Amino acid sequence: MIKKDKDNKKSALDFGGDVRSLILTLVNAAINEEVNRWNKDRHVFRTPIDQFALIQSMMRQVTAYIDAPEECVETQVCSNCGSPMAKGFVINDGEENYCSEECLHKRYSKLEYLALYAGLDHTDENVLMSVEQLTDKELDALSEINDSGTFMTEWEVII
């Protein structure tokens, strides 16, 4: 059962998938953002109170990202269901993202996705018929030649 807050919003923890990667992404982004902000202000950490204030500031940012993961620029969100993603399908260099084949195929058929992956017109019936005849190797070559920006990936989380 998914618990919702008083505004009926889901938090990042309500979604399935690779929650560990998602949380690491959010925490990493929050820490980097806060450290960069403090460094930009040329804040010097001389006392334990300064360090405590930085940690508190980071935790507020982490909490904000967990409550609204779509606000974290390093978090990809499914264009269909809105779930934060650690892996999935990227369409046109991130114009759209899909967390699963189920979500992807609600928008694009398998042939349409393969056409997009190959960098071809996914709305042309002749293209779709020709894509159906291509091997994986031929599709990969077309994708590279056409620089399609459509692919399946897993985002790496670095801490």
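# Exercises on a predicted model

β3 and β4 form a hairpin with four residues between them, and Asn92 in the turn has a positive phi of about 50°. Helices (H or I, at least four residues) and strands (E, at least two) are DSSP runs, numbered from the N terminus. This is a predicted model, in which local features need pLDDT of at least 70, side-chain atom pairs count only at pLDDT 80 or more, and totals for chains, interfaces and linings use all residues. Residues are numbered from 1 along each chain as its sequence is written, and side-chain values use heavy atoms, with hydrogens and water left out.

## Exercise 1: the turn

Describe Asn92 and Asp93 by place, phi and exposure.

Step 1. Asn92 lies in the loop between β3 and β4, and Asp93 is found in the loop between β3 and β4 as well.

Step 2. Asn92 is not a glycine, although its phi is positive. Asp93 has a positive phi of about 55° and is not a glycine either.

Step 3. Apply the cut-offs for relative accessible area: buried means under 20%, exposed over 50%, and partly exposed in between (1.4 Å probe, protein chains only). Asn92 has 28% and is therefore partly exposed. Asp93 has 62%, so this residue is exposed.

## Exercise 2: the sheet

In what order do the strands of the open sheet stand, and which strands are at the edges?

Step 1. Find the partners of β3, using the rule that two strands pair if DSSP finds at least two bridges between them. Strand β3 (residues 87–91) is joined to strand β5 (residues 151–154) by four bridges, and the two run antiparallel. Three bridges join β3 to strand β4 (residues 96–98), again in antiparallel fashion.

Step 2. Put the strands in order. The open sheet has three strands in the order β4-β3-β5, with antiparallel pairing. β4 and β5 stand at the edges because each has a single partner strand, so one side of each is left without a neighbour in the sheet. On average, neighbouring strands of this sheet are turned by 35° against each other, direction ignored; here axes are lines fitted to C-alpha atoms, for helices over the stretch in contact, and angles run from 0 to 180 degrees between N-to-C directions.

Step 3. Look across from single residues. Phe89 stands opposite Met152 in β5, and its bridge partner in β4 is Tyr98. Ile91 stands opposite Glu96 in β4.

Step 4. Check the cover of β3. Four of its five residues are buried, so the strand is mostly covered.

## Exercise 3: a residue after α3

Is Tyr108 buried or exposed, and which residues is it in contact with?

Step 1. Tyr108 is found in the loop between α3 (101–107) and α4.

Step 2. The relative accessibility of Tyr108 is 3%, so Tyr108 counts as buried.

Step 3. Contact means heavy atoms within 4.5 Å. Leaving aside neighbours within four places in sequence, Tyr108 is in contact with Ile91, Glu96, Tyr98, Tyr113, Leu116 and His122.

Step 4. Take His122 from this list. Tyr108 and His122 are 14 residues apart in sequence and 8.9 Å apart in space, C-alpha to C-alpha.

## Exercise 4: helices

Compare the expected span of α2 with the distance between its ends, then classify the crossing of α4 and α6.

Step 1. The expected span of a helix is 1.5 Å times one less than its number of residues. Helix α2 (residues 48–67) has 20 residues and should therefore span 28 Å; its end C-alpha atoms are 28 Å apart, which agrees.

Step 2. The axes of helix α4 (residues 110–118) and helix α6 (residues 136–146) come within 7 Å and cross at roughly 50°. Angles under 35 degrees count as roughly parallel, over 145 as roughly antiparallel, 65 to 115 as roughly perpendicular and the rest as oblique. α4 and α6 are therefore oblique to each other.

Step 3. The contact is made by Leu114, Tyr117 and Ala118 of α4, together with Leu139, Asp140, Leu142, Ser143 and Asn146 of α6.

## Exercise 5: cysteines

How many disulfides does the structure hold?

Step 1. A disulfide is a pair of cysteine sulfur atoms within 2.5 Å.

Step 2. The structure holds zero disulfides. For Cys78, the nearest cysteine sulfur is that of Cys81, 3.8 Å away. The sulfur of Cys81 has its closest cysteine sulfur in Cys99, at 3.7 Å, which is too far for a bond.

Step 3. Cys78 is buried at 4% relative accessible area, whereas Cys81 is partly exposed at 38%.

Key. Two strands pair if DSSP finds at least two bridges between them.
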